[in-house]
Amino acid sequence: MIEEFHLVTRNTTSLVEVFMTLGKDYMNQTAENKREIFLQSMVDLQGQPNRWLLLYENKKEYVGFAHVRYGGDRPDWGWILEFYIKPECRRKGLGTQLYDKCESILREKNASSFWLTTNPEAVKFWESLGYEKMGVIAEFNDYEIMEKHIPKF
Ligand SMILES: CC(C)(COP(=O)(O)OP(=O)(O)OC[C@H]1O[C@@H](n2cnc3c(N)ncnc32)[C@H](O)[C@@H]1OP(=O)(O)O)[C@@H](O)C(=O)NCCC(=O)NCCS
């Protein structure tokens, strides 16, 4: 199999280990103790309905992860909470493939609107996927809110 999306849960020990390793780089600006607590808290939330933590395996290599949710602060919306591709694997379309998987999971729940908060470096990536800046800064992380809307069928 060339690519696979693995669902991380509290019981998938080896996947949790991979996620924690990738998460270290994702959060490399955060102090180690805080980083571990945050990453573990993400794992602990898994198993809740309408929440997915996906590890992306491409050509036998774990290349990134995404944490997504249906509902939450905005009922009926898809929410991209965390999203990461390893530095050496970027600009090869892998982020787009991981995103497409996330969106298809959320569409299966009937989401037609999607949102996220972005760091400035990722804005172009989200724009390439159809997201638009809303001109609003999220209070919880000081990042800009972006949204995407697709027609309902
Ligand atoms: C943002 C991120 C997920 C993009 O992953 P990726 O695998 O490189 O994305 P893709 O290769 O699918 O890029 C698709 C398109 O997005 C745009 N894009 C992606 N990264 C870009 C960058 N750094 N600068 C400008 N445009 C960019 C380009 O249009 C690109 O198409 P192209 O390579 O043909 O020009 C990755 O850089 C990353 O993990 N960054 C660190 C974590 C992060 O910022 N996560 C987002 C949190 S909000």
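This is a selection-by-selection tour of a predicted model.

**Helix α1**

Start with α1, residues 13-26. Its 14 residues should span 20 Å at 1.5 Å a residue, and the end C-alpha atoms are indeed 20 Å apart. Select Leu15, Val16, Phe19, Leu22, Gly23 and Tyr26: these residues of α1 are buried. They sit on the same side of α1, because the arc they cover around the axis is only 130 degrees. Now colour Thr13, Ser14, Glu17, Thr21 and Asp25, which are exposed on the other side of α1. To see what the buried residues of α1 pack against, show β1 (3-7), α2, β2, β3 and β4.

Stay on Gly23 for a moment. Gly23 counts as buried because 22 other C-beta atoms lie within 10 Å, the threshold being 20 or more. Add Phe65 to the selection: Gly23 and Phe65 are 42 residues apart in sequence, while their C-alpha atoms are 8.6 Å apart in space.

**The largest nonpolar core**

In soluble globular proteins, nonpolar side chains tend to be buried together. Here the largest nonpolar core has 35 residues. Select Phe19, Leu54, Phe65, Ala66, Ile80 and Cys102, the residues with the most contacts inside this core. Then show the elements that give two or more residues to the core: α1, α2 (32-44), β2 (51-58), β3 (61-70), β4, α3 and β5 (113-118).

Centre the view on Ile80. Which residues does Ile80 touch, not counting those up to four places away in sequence? They are Ala66, Val68, Cys102, Phe114 and Leu116.

**Helix α3**

Move on to α3, residues 94-108. The expected span for its 15 residues, at 1.5 Å a residue, is 21 Å, which agrees with the 21 Å between the end C-alpha atoms. Select Gly95, Leu98, Tyr99, Cys102 and Leu106, which are buried. Why can these residues be placed on the same side of α3? The arc they cover around the axis is only 100 degrees, which puts them there. An α-helix has 3.6 residues a turn, so residues three or four places apart point the same way.

Turn to the other side of α3 and select Asp100, Ser104 and Glu108, which are exposed. The cover over the buried residues of α3 includes β2, β3, β4, β5 and α4. Follow the chain past α3 to Asn110, where phi is positive, near 85 degrees.

**The ligand**

Next, select the ligand and the 17 residues around it. Arg90, Gly95, Thr96, Lys124 and Ser128 come nearest. Gly95 has already appeared among the buried residues of α3. By class, the shell comprises six nonpolar, six polar and five charged residues. Three elements to highlight are β4 (78-85), α3 (94-108) and α4 (123-128), each of which supplies at least two residues of the shell.

**Two loop residues with positive phi**

Finish with two loops. In the loop between β4 and α3, pick Arg91. Arg91 is not a glycine, yet its phi is positive, near 60 degrees. Is Arg91 buried or exposed? Arg91 counts as exposed, because it has 8 C-beta neighbours inside 10 Å.

Then go to the loop between β6 (132-137) and β7 (144-149) and pick Asp142. Asp142 is also not a glycine and has a positive phi of about 65 degrees. With 9 other C-beta atoms within 10 Å, Asp142 is exposed.

Methods:
Residues numbered from 1 in each chain as written. Predicted model: local features only at pLDDT ≥ 70, side-chain atom pairs only at ≥ 80, totals over all residues. Near = placed C-beta within 6 Å. Helix = DSSP H or I, 4+ residues; strand = E, 2+ residues; numbered from the N terminus. Nonpolar A, V, L, I, M, F, W, Y, C, P; charged D, E, K, R; others polar. Buried ≥ 20, exposed ≤ 12 C-beta atoms within 10 Å, placed from the backbone. Core = buried A, V, L, I, M, F, W, Y, C linked by C-beta atoms within 7 Å. Contact = placed C-beta atoms within 7 Å. Expected span 1.5 Å × (residues − 1). Arc of directions from axis to C-beta.
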